[in-house]
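Subject: Structure handover

Hello,

Here is the structure I said I would pass on to you. Please open it first, then read the notes below with it on screen.

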Amino acid sequence: MKYVLIILLFFPLWLNAQVNLDGTIDTGDKFANAKLESNESPEVIAKRLEWWSEARFGMFIHWGLYAQDGCFWKGKDGRSEHMMRNLQIPISDYEKIADEFKPTCFNADEWVKVAKDAGMKYMVLTSKHHDGFAMFNSPSNNYNILTSTPWKRDPVKELTEACKKQGLKFGVYYSLGRDWHDPDCNSVKGWRSNVWDFPEEEKKDFSKYFERKVKPQITELITQYHPAIIWFDTPELITKEESTELLSLIHELDPTCIVNQRVGNKLGDYAVREQKIPAGGEPRPWETCMTLNGAWGYHKTDNNWKSADSLVHSLVDIASKGGNFLLNVGPTGKGIIPQTSVNRLKEVGEWLNVNGEAVYGTSSSPFGKLAWGRCTKKVGEDDETLYLSVFYWPKNGKLQLDFPVEIIRACLLSDTDKELKTETNQSGVSITIPIQAPNEIATVVKLVVKPL
Ligand code: FHN
């Protein structure tokens with residue numbers, strides 16, 4: 001066991017990576033996708049991810065038929081966007097939800113403004129979740145919002161246009177290996193399949209579903225909307241050949257389209273972490289996706305909302321490890337983003353209005369674990385800038401940095417005209433700061449320093 005631990009500890013060094021004290025691994029371009037295998041060069045992937053790496057913060061939207069009654073069906077609690085599976089609702093019954101789906105309050109410009117006011121730079125909408133219902137105009141499959149609802153509008157089209165107007169990038173989520181409307185979409189041990197309408201799991205042929213539904217719909221999504229990201233989910237039983245074929249199809253149609261790791265089989269441009277933040281970041285581009293309460297889709301009884309403090313701390317923690325934060329909202333069946341979601345996002349946006357420079361376009365911390373908060377970094381021509389996001393404000397008016405750094409200038413990001421006094425001591429540097437924290441959630445101290 002001891003030898004295994006030693007190997008694990010030194011494994012990144014074997015990768016010629018720099019392991020920092022806080023566990024972040026500076027792998028540089030060469031190992032950006034250490035665990036992802038791609039037939040494209042790291043430079044091509046880095047170029048495709050350029051705007052995405054600057055953006056750092058996006059809005060995830062889980063919206064579909066399950067939202068009609070807040071993930072309830074005939075008075076029964078379906079608990080989440082998995083309602084159809086949780087309640088084993090037959091397709092013939094579930095389809096009836098579409099007959100009444102008419103989100104009269106939906107306003108794409110308003111949704112995009114909520115994201116923009118939150119400081120989010122991109123948006124990813126569920127174009128087809130596990131229930132198999134397409135939230136876009138899908139000529140290849142009538143089970144879609146334009147053909148099968150009385151609403152007869154296309155939210156993917158409207159959000160694409162609204163994002164373009166307001167300067168956000170727009171992407172689509174697509175459930176790849178789970179589709180409870182298709183008789184051939186099987187899953188690992190059948191545990192996430194529709195075995196109530198299609199009980200003979202062993203007779204299902206994923207490749208038929210792949211040819212019949214996945215490839216035509218991915219082609220429609222790209223040629224009709226030109227999304228900046230295709231965010232695949234749950235690849236389940238897709239083969240390496242199919243994942244590779246899908247990536248080729250996408251990049252033949254649009255070489256700039258970013259594809260996440262859940263295209264399957266270790267392919268994709270970046271890694272996904274769900275509901276958690278890796279302790280030491282990831283040795284490649286990565287993104288944490290997270291709910292604001294307990295469910296991805298609108299669950300009308302779930303009021304377990306995260307605080308604005310925790311959301312800002314998560315955003316900064318993720319940025320300090322070189323990752324992106326994709327934070328989810330679940331709009332109602334009428335097309336309304338729940339007010340508590342809007343309120344929380346507004347508070348995050350207010351913090352970013354003042355301190356966004358410490359997040360957007362930054363790279364991971366060069367230091368070990370910091371008891372008082374997190375650090376993000378930008379590299380300049382002749383100097384570097386460190387953004388110290390202080391979550392726990394020292395009571396003695398001194399911020400002690402226990403690492404060697406040559407400070408050229410120190411200030412609060414919220415008051416850059418006023419220089420802060422610094423003095424070198426035995427264990428590093430002490431910065432004289434106000435007794436009261438200027439921002440209760442997190443105050444950013446900006447340090448311009450000699451190259452580290
Ligand atoms: O089962 C889905 C779930 O509903 C949700 O879409 C999340 C978002 O990343 N993905 C799957 C669970 O891993």
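A search of the whole structure finds 28 salt bridges. Keep in mind that this is a predicted model. As general background, side chains of opposite charge can pair when their charged atoms come close. I picked out a few of these pairs, and then went on to the domains and some single residues.

**A pair within one helix**

The side chains of E211 and K215 form a salt bridge, with an N to O distance of 3.0 Å. Both residues belong to helix α9 (residues 206–225), where they are four residues apart, about one turn of the helix. Is K215 buried or exposed? K215 is buried, because its relative accessible area is 19% and the limit for buried is under 20%. E211 has 42% relative accessibility, so E211 counts as partly exposed.

**The two domains**

The domain assignment divides the protein into domain 1 (28–358) and domain 2 (373–449). Their C-alpha centres are 37 Å apart. Where the domains meet, 13 residues of domain 1 are in contact with 14 residues of domain 2. The area buried between domain 1 and domain 2 is about 1300 Å². Carbon and sulfur atoms give 61% of that area. Which three residues supply the most of the area that domain 1 buries against domain 2? They are H313, E357 and A358, which together supply 43% of it, more than any other three residues.

Between domain 1 and domain 2 there are seven residue pairs in polar contact, counting pairs in which both residues have pLDDT 80 or more. On the side of domain 1 that touches domain 2, helices α11 (308–320) and α12 (339–355) each supply at least two residues. The largest share, eight residues, comes from α11. By class, this side of domain 1 has seven nonpolar, three polar and three charged residues.

**Salt bridges between the domains**

How many salt bridges are there between domain 1 and domain 2? The count is two.

One salt bridge to look at joins the side chains of E357 and K446, at 2.8 Å from N to O. This pair links distant parts of the chain, since E357 is in the loop between α12 and β13 while K446 is in strand β20 (residues 443–449), 89 residues apart. E357 counts as partly exposed because its relative accessibility is 31%. K446 has a relative accessible area of 18%, so K446 is buried. E357 is also one of the residues named above for the area that domain 1 buries against domain 2.

Another salt bridge joins the side chains of R374 and D317, with an N to O distance of 2.8 Å. R374 is buried, with a relative accessible area of 19%. D317 is buried as well, at 9%.

Elsewhere, salt bridges that share partners join E40, R48 and D269 into one network.

**A buried histidine**

H62 is in the loop between β3 (57–61) and β4. H62 has a relative accessible area of 3%, so H62 is buried. What does the side chain of H62 meet in a polar contact of 2.8 Å? The partner is the side chain of N328. Leaving aside neighbours within four places in sequence, the residues in contact with H62 include E81, T126, H129, Y173 and W296. The run G297, N328, V329, G330 and P331 completes that list.

**Two residues with positive phi**

Neither of the next two residues is a glycine, and each has a positive phi value. Phi of K74 is near 50°, and phi of T234 is near 40°. K74 lies in the loop between β4 (72–73) and β5 (76–77). T234 is found in the loop between β8 (229–233) and α10 (240–253).

Which of these loop residues is buried and which is exposed? K74 counts as exposed because its relative accessibility is 64%. T234 is buried because its relative accessible area is 11%.

When you go through the structure, the pair of R374 and D317 and the pair of E357 and K446 are good places to begin.

Regards

Note on methods
Residues numbered from 1 in each chain as written. Predicted model: local features only at pLDDT ≥ 70, side-chain atom pairs only at ≥ 80, totals over all residues. Heavy atoms only, no water. Buried < 20%, exposed > 50% of the residue type's maximum accessible area, 1.4 Å probe, protein only. Domains from an automatic or database assignment. Contact = heavy atoms within 4.5 Å. Buried area = accessible area lost by both parts, 1.4 Å probe. Salt bridge = Lys/Arg side-chain N within 4 Å of Asp/Glu carboxyl O. Polar contact = N/O pair within 3.5 Å; in protein donor to acceptor, adjacent residues only side chain to side chain. Nonpolar A, V, L, I, M, F, W, Y, C, P; charged D, E, K, R; others polar.
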